[in-house]
Amino acid sequence: MNKHILFLITNRIIISLITLLIIAVIVFVATTLLPGDTATILLGQSATPEAIEGLRKAMHLDEPAFTRFISWILAFLHGDLGISYSNNMPVADMVGRRLLNSLKLASVTTAFAVPLSLFLGVTTAVMRGSLYDRAVTIFTIGVISIPEFIVATTAVLIFAVYLKWLPALSLTADIDTLAGLLRAYAMPVITLTCVVSAQMIRMTRAAVIDALASPYVEMALLKGASRKRLVLSHALPNSLGPIANAMALSLSYLLGGVIIVETIFNYPGIAKLMVDAVTTRDLPLIQSCAMIFCLAYLLLVTIADLIAILSNPRLR
Amino acid sequence: MTVETSSTTRRRPRYQIKVVGMLGLAIIVFWLIVAALGPHLAPYPIGDIVDQDYFGPMSRDFWLGSDYLGRDMLSRIVYGARYTLGISLAAVTMACTCGVVLGMSAAVAGGWFDSVLSRFLDAMSSIPSKLFALVVVSAVGSSIPVLIFMLAVIYTPGSYRFARALAVNIAAMDYITIARLRGEKMFHIITAEVLPNIIGPVLTDLGLRFVFIVLLLSGMSFLGLGVQPPAADWGGLVRENIDGLPFAAPAVILPSIAIATLTIAVNLFIDNLPVKIRDRSE
């Protein structure tokens with residue numbers, strides 16, 4: 001690894017950190033400065049001015065916004081996420097287990113979606129223009145252009161209502177037995193896999209088609225290499241970088257999908273926690289969830305960029 | 001949406017649209033007419049409970065069945081079209097106007113104005129759209145003006161980046177240099193020299209962004225954080241009637257189909273536009 005590539009990587013990471021800081025400012029401003037006074041909201045309309053004043057002092061709301069932002073971000077860095085408004089529990093405790101649940105869902109989905117989309121993406125690129133390719137393309141465009149909740153309701157209609165393989169919307173917490181576990185995960189995973197794979201298949205297909213159109217593949221073709229050899233040993237190794245980039249980018253669609261899927265299937269994950277927090281206007285909880293989501297998103301996008309840098313042979 | 005009318009159609013035969021594209025256009029026009037004529041098309045008043053049965057099937061009295069309270073589904077979908085299309089159109093117009101004006105200004109002005117604006121909008125676009133919407137709704141609630149404004153803010157950065165990338169190429173052209181030398185004002189350069197050259201791709205981008213906005217709006221309404229009851233857009237209709245899902249009631253399937261036909265139609269229409277309009281490199 002030479003200096004140039006090291007420079008590019010540090011540069012990219014610094015940009016991500018700056019972006020994270022700007023995001024923190026936006027989240028903080030949106031949640032604390034825009035609405036009416038937090039103390040008034042907490043105590044209700046009938047509270048006396050003295051009580052409101054006291055609470056404002058206790059919550060440090062009388063300090064300037066800038067100092068509040070600094071202390072908020074410092075506390076956040078130390079793992080202190082604040083106290084929930086609605087049930088006075090530390091936010092960190094509420095978030096912890098839920099986050100684990102969401103990560104489980106995400107990793108199971110990834111384990112299904114990545115091999116599936118790799119296979120479909122590469123095969124459609126190789127058989128470009130065939131009936132199979134067109135069918136897959138129509139499917140992916142269809143999934144991309146409808147909201148996630150319609151994918152979810154369609155999955156329920158197919159697997160629960162018509163085929164009767166799985167229970168519809170009522171998810172019980174019975175995840176002790178293997179069958180229960182499979183049932184609990186099946187529908188959310190099917191939906192999320194559809195949403196994420198659609199993006200992955202499109203991007204993988206584009207990357208492989210790009211590689212197949214390059215001069216060195218044409219050279220190999222002219223040399224008389226077989227079609228299999230053409231794809232597996234010439235085109236594929238060179239498009240691994242773009243494909244890995246595409247995978248990381250598409251996984252960021254998990255975040256949007258997970259919000260809908262956890263709500264519709266009543267899955268006890270962090271996205272459901274956040275949607276509930278929005279309904280009850282529990283600001284510390286919203287801030288923490290929003291920062292966790294943005295962090296995850298930024299992480300995926302940064303990884304995608306780093307892969308793109310590292311896999312570019314011209315930079316090596 | 002109005003791409004063929006507003007592009008420079010000097011040589012007409014060049015701008016033929018494929019059959020699939022025409023089908024897309026037909027569906028778009030159909031939904032626009034439904035939204036425009038809403039009150040005249042709906043057979044029943046929107047809030048009235050007219051069917052004794054809830055989640056009723058399709059019948060002669062209730063063409064599209066009835067919802068979870070026994071309200072006529074056809075009327076609800078017709079009125080829902082007004083919310084979905086109206087809010088989305090207003091938001092996409094605002095987003096693209098702001099984005100394109102800022103993008104062209106940044107490209108023509110350059111310098112610190114360009115770099116500060118680009119950095120800030122880039123950071124904004126790295127917040128996932130659904131999350132941004134959740135944070136805004138938690139802070140300021142979800143009345144219809146707030147929704148429109150919020151959707152516009154969320155999709156302005158993308159539109160800005162797209163328009164700026166196009167306008168930077170145009171700004172490097174000789175005729176722009178000449179216009180500058182003539183002493184033309186920024187406003188004239190933007191409206192008379194840059195805009196006409198990027199209008200085709202910009203309108204295409206507007207169409208795609210419209211789809212994103214419809215998707216986000218429906219998603220938010222589905223979460224119960226978008227259009228608030230008793231009013232309901234299509235996403236809200238799916239949410240209201242989600243209990244009908246286990247027995248495949250038309251009340252939950254039909255609004256979904258309405259959203260899907262609209263968004264897929266816009267995509268089909270744009271995908272099949274002549275390359276001359278779509279092409280972003282020219």
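Reader: How do you know how much area chain A and chain B bury between them?

Author: In this predicted model, chain A and chain B bury about 3,300 Å² between them, with 83% of it on carbon and sulfur atoms. That figure is the accessible area that the two parts lose on being put together, summed over both. The size of an interface is often given in just this way.

Reader: Which residues count as being in contact, and how many are there in each chain?

Author: Contact calls for heavy atoms within 4.5 Å. By that rule, 41 residues of chain A are in contact with 34 residues of chain B.

Reader: What makes B:K130 and A:E148 a salt bridge?

Author: Let's set the value against the cut-off. A salt bridge needs a side-chain nitrogen of Lys or Arg within 4 Å of a carboxyl oxygen of Asp or Glu. For B:K130 and A:E148, the closest N and O atoms are 2.8 Å apart, so the pair fits the rule. Across the interface of chain A and chain B, the rule finds one salt bridge. The count of residue pairs in polar contact between the two chains is three, both residues being at pLDDT 80 or more.

Reader: Which helices supply the side of chain A that touches chain B?

Author: At least two residues each come from α1 (3–33), α6 (131–144), α7 (148–162), α11 (253–264), α12 (270–280) and α13 (283–310) of chain A. The largest share is that of α7(A), with eight residues. Sorted by class, this side of chain A has 31 nonpolar, eight polar and two charged residues.

Reader: Good to know! Now the cysteines: why is A:C289 in no disulfide?

Author: Two cysteine sulfur atoms must be within 2.5 Å to count. The structure holds zero disulfides over all chains. For A:C289, the nearest cysteine sulfur belongs to A:C294 and is 11 Å away, so the cut-off is not met. B:C96 is in no disulfide either, as the nearest cysteine sulfur, that of B:C98, is 9.5 Å away.

Reader: Are A:C289 and B:C96 buried or exposed?

Author: Buried means under 20% relative accessible area. A:C289 has 0% relative accessibility and therefore counts as buried. B:C96, at 4%, counts as buried too.

Reader: Why is B:S221 called buried?

Author: The reasoning is alike. B:S221 has 1% relative accessibility, so this serine counts as buried. B:S221 lies in helix α8 (residues 186–222) of chain B. Leaving aside residues up to four places away in sequence, B:S221 touches B:G226, B:V227, B:D233, B:G235, B:G236 and B:R239.

Terms used:
Residues are numbered from 1 along each chain as its sequence is written. Chains are lettered from A and ligands numbered from 1 in the order in which they are written. This is a predicted model: local features need pLDDT of at least 70, side-chain atom pairs count only at pLDDT 80 or more; totals for chains, interfaces and linings use all residues. Side-chain values use heavy atoms; hydrogens and water are left out. Buried means under 20% relative accessible area, exposed over 50%, partly exposed in between (1.4 Å probe, protein chains only). Buried area is the accessible area (1.4 Å probe) that two parts lose on being put together, summed over both. A polar contact is a pair of N or O atoms within 3.5 Å; within protein, one must be able to donate a hydrogen and the other to accept it, and residues adjacent in sequence count only if both atoms are side-chain atoms. Helices (H or I, at least four residues) and strands (E, at least two) are DSSP runs, numbered from the N terminus. Ala, Val, Leu, Ile, Met, Phe, Trp, Tyr, Cys and Pro count as nonpolar, Asp, Glu, Lys and Arg as charged, and the others, Gly among them, as polar.
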